[in-house]
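Trainee: I would like a close look at a single part of this model, set against the chain as a whole. Please take one helix and follow it outward to whatever surrounds it.

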Amino acid sequence: MNRVSRTLSAALGLALATGLAALPTTAVAAPVQGYTAAATGYSASAAEDADNQAFYEAVMKSALAKKAANPYLKAVTVTYDASSAPTFRNQIAQSAQIWNSSVANVQLRAGSPADFRYREGNDSRGSYASTDGHGRGFIFLDYAQNRQYSSLRVVAHETGHVLGLPDHYSGPCSELMSGGGPGTSCTNPNPNSAERSRVNSLWARG
């Protein structure tokens, strides 16, 4: 079962599948959030709840700073680069469409220069997002985990982290950020109304 640990920089680190997820090297001092391989009935520990709250508070701090700098901005376009994850090209495009049709205050577009990037490969920890929760960082997509779970749900879930949502593994399948908590049979790739509202709030006026 997954555990949670704080990095020395006080960023959030979530274990994925097995072991602890260390903060990957990136230009962004970014918390790490991942797609758990926990079985159905997963129950978050107090430490996980605390770290998810810390992630959300860090996102809110970033969001409020951007609002102050751009008080009249009504919507934000966040660009992504999927060239380093060609295996998941279709899922990434579908995930962007899902989020773009779900929220109004932020829109995802493929482009350059990219605000965040998708990568693919093998990692015993599974898939994860290294992000500030406000559009920067990268998403790593693990081959094995994307064969075990619905790949589109995994991609949409990790993209949700880039948009500011923390994990909530104990949630139902209808909650996108419950990740792998509901088990491998859960294939829902859509954020629920509460998740959509939270993202819109985080990105209000930029």
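Mentor: This is a predicted model. The secondary structure of the protein chain amounts to five helices and eight strands, and along the sequence these run β-β-β-α-β-α-β-β-β-β-α-α-α. The chain has 206 residues, and 55% of them are buried. Of the contacts with a separation of 6 or more, 64% are between residues 24 or more positions apart. About 8,900 Å² of the chain is exposed, with carbon and sulfur atoms supplying 52% of that area.

The part to examine is α2, which covers residues 89-102. Its 14 residues reach 20 Å from the first C-alpha to the last, close to the 20 Å expected at 1.5 Å a residue. The buried residues in α2 are Gln 91, Ile 92, Ser 95, Ala 96, Ile 98, Trp 99, Asn 100 and Ser 102. The cover over these residues comes from elements that include the strands β4 (76-84), β5 (106-110), β6 (116-121) and β8 (137-142). It also includes the helices α4 (151-162) and α5 (193-202).

Trp 99 is one of the buried residues of α2, and it leads into the core. The largest nonpolar core holds 29 residues, and Trp 99 and Tyr 118 are the ones with the most contacts inside it. At least two residues of this core come from each of β4, α2, β5, β6, β8, α4 and α5. The largest share, four residues, is supplied by α4. Leaving out residues up to four places away in sequence, Trp 99 touches Leu 108, Ala 156, Thr 159, Gly 160, Leu 163, Leu 165, Leu 176, Pro 191 and Val 199. Given the ranges of the covering elements, Leu 108 falls within β5, Ala 156, Thr 159 and Gly 160 within α4, and Val 199 within α5.

Ser 102 also belongs to α2. Ser 102 counts as buried because its relative accessibility is 18%, and the cut-off is under 20%. The side chain of Ser 102 reaches the backbone oxygen of Ile 98 at 2.6 Å, and Ile 98 is itself among the buried residues of the helix. Beyond its neighbours within four places in sequence, Ser 102 is in contact with Pro 191, Arg 196 and Asn 200. Pro 191 is thus a contact of Ser 102 and also of Trp 99. Arg 196 and Asn 200 lie in the range of α5.

Two further features lie in loops outside α2. A search of the whole structure finds one disulfide. It joins Cys 173 and Cys 186, with the sulfur atoms 2.1 Å apart. The torsion about the S-S bond is about 90°, so this disulfide is right-handed. Both Cys 173 and Cys 186 lie in the loop between α4 and α5, so the pair ties together parts that are 13 residues apart in sequence. Cys 173 is partly exposed, at a relative accessible area of 29%, whereas Cys 186 is buried at 3% relative accessibility.

The other feature is a cis peptide bond between Ser 112 and Pro 113, where omega is about 0°. Pro 113 sits in the loop between β5 and β6, and both of those strands are among the elements that cover the buried residues of α2.

Methods:
Residues numbered from 1 in each chain as written. Predicted model: local features only at pLDDT ≥ 70, side-chain atom pairs only at ≥ 80, totals over all residues. Heavy atoms only, no water. Expected span 1.5 Å × (residues − 1). Buried < 20%, exposed > 50% of the residue type's maximum accessible area, 1.4 Å probe, protein only. Contact = heavy atoms within 4.5 Å. Polar contact = N/O pair within 3.5 Å; in protein donor to acceptor, adjacent residues only side chain to side chain. Core = buried A, V, L, I, M, F, W, Y, C linked by side-chain atoms within 4.5 Å. Areas by Shrake-Rupley, 256 points an atom, 1.4 Å probe, with all protein chains shown as cover. Disulfide = S-S within 2.5 Å.
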